[in-house]
Amino acid sequence: MQASMQMGLSPEAMVHLRPEMTPQAAVQSLLDVGAMPDALKLLARLLPKRYAVAWLCQCARDQPLELEDKAGASLAEKWVREPTESNRRAAFEFANSGGYKSLGAWLAAAAGWSGGSLAPAAQETPVPPPEHITACATVAAINLMAALVAEHFAARRTEFIARALGLLGTGEAAGANTKGA
């Protein structure tokens, strides 16, 4: 239930969730009742951060992106391939410098908010990101990608969600978040 509360799921969605549900069952139950925005939020939060960012990168590869969006996607993908602090910091700085106004900024933010510190690099006192903030950036990026073809927004968002749903039932993702809805 913590993930549901962190992501601000609607009361209507919450009635369909049970503590004993697996992550995949919880997200699927929301999809089954047409609570697409809530399903997306929960899915993004229940995926391990690296999986969520990798999902975004996979979705972005098929999109006609502007140069700034491609740059943000490239930084996110670099972090997925090599999740070092320097790659995370580069993604964070890119997103921050763009004022979070583009799809590329949100793609980079998902990686940039995955850990480390949100404080300026020169600041000694770290400011760790909230646990759910990568999921928030993931939701924003998926919605922005779906909106690239506005007349097909709902169908595109559904397609993007379908790509990630299987990740909840595999390997690290399944063990990391069971009963976390």
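1. Arg163 counts as partly exposed, at 26% relative accessibility, and in this predicted model its side chain meets that of Asp62 in a salt bridge, with 2.7 Å from N to O. The pair links distant parts of the chain, since Arg163 belongs to helix H10 whereas Asp62 sits in the loop between H5 and H6, 101 residues apart. The structure holds seven salt bridges, and some of the others are taken up in the next two points.

2. Within helix H6, the side chains of Arg81 and Glu77 meet in a salt bridge at 2.6 Å, N to O. These two residues are four places apart, about one turn of the helix. As a general matter, an α-helix has 3.6 residues a turn, so residues three or four places apart point the same way. The partners fall into opposite classes of accessibility: Arg81 counts as exposed at 62%, whereas Glu77 has a relative accessible area of 17% and is therefore buried, the limit being under 20%.

3. Helix H7 holds a salt bridge of its own, between Arg88 and Glu85, in which the closest N and O atoms are 2.7 Å apart. Here the spacing along the helix is three residues, again about one turn. Is Arg88 buried or exposed? Arg88 is buried, with a relative accessible area of 2%, while its partner Glu85 is partly exposed at 42%. Beyond the individual pairs, salt bridges that share partners join Arg61, Glu77 and Arg81 into one network.

4. Turning to the nonpolar interior, the largest nonpolar core has 55 residues, and those with the most contacts inside it are Leu42 and Met145. The elements that give two or more residues to this core are H3 (23–32), H4 (36–46), H5 (49–61), H6 (67–81), H7 (85–97), H8 (103–112), H9 (133–146) and H10 (153–165), each of them a helix. Of these, H9 gives the most, with eight residues.

5. Helix H8 deserves a separate comment. Why can H8 be called largely enclosed by the rest of the structure? The reason is that 10 of its 10 residues are buried, which for this helix means Leu103, Gly104, Ala105, Trp106, Leu107, Ala108, Ala109, Ala110, Ala111 and Gly112, where buried stands for under 20% relative accessible area. The buried residues of H8 pack against four helices, namely H5, H6, H7 and H9.

6. The aromatic side chains give a count of three pairs. One of them joins Tyr100 and Trp106 in a tilted arrangement, with 5.5 Å centre to centre and 50 degrees between the planes. Tyr100 also pairs with Trp113, and this pair is likewise tilted, at 5.3 Å centre to centre and 35 degrees between the planes. The pair of Tyr100 and Trp113 links distant parts of the chain, 13 residues apart, with Tyr100 in the loop between H7 and H8 and Trp113 in the loop between H8 and H9.

7. Taken together, ring pairs link Tyr100, Trp106 and Trp113 into a cluster. Within that cluster, Trp106 is one of the buried residues of H8, and Trp113, in the loop between H8 and H9, is also buried, with a relative accessible area of 10%.

Key: Residues are numbered from 1 along each chain as its sequence is written. This is a predicted model: local features need pLDDT of at least 70, side-chain atom pairs count only at pLDDT 80 or more; totals for chains, interfaces and linings use all residues. Side-chain values use heavy atoms; hydrogens and water are left out. A nonpolar core is a set of buried Ala, Val, Leu, Ile, Met, Phe, Trp, Tyr and Cys residues joined through side-chain atoms within 4.5 Å. Buried means under 20% relative accessible area, exposed over 50%, partly exposed in between (1.4 Å probe, protein chains only). Contact means heavy atoms within 4.5 Å. Rings of Phe, Tyr and Trp (its six-membered ring) pair if their centres lie within 6.5 Å; planes under 30 degrees apart count as stacked, over 60 as edge-to-face and the rest as tilted. A salt bridge is a side-chain nitrogen of Lys or Arg within 4 Å of a carboxyl oxygen of Asp or Glu.
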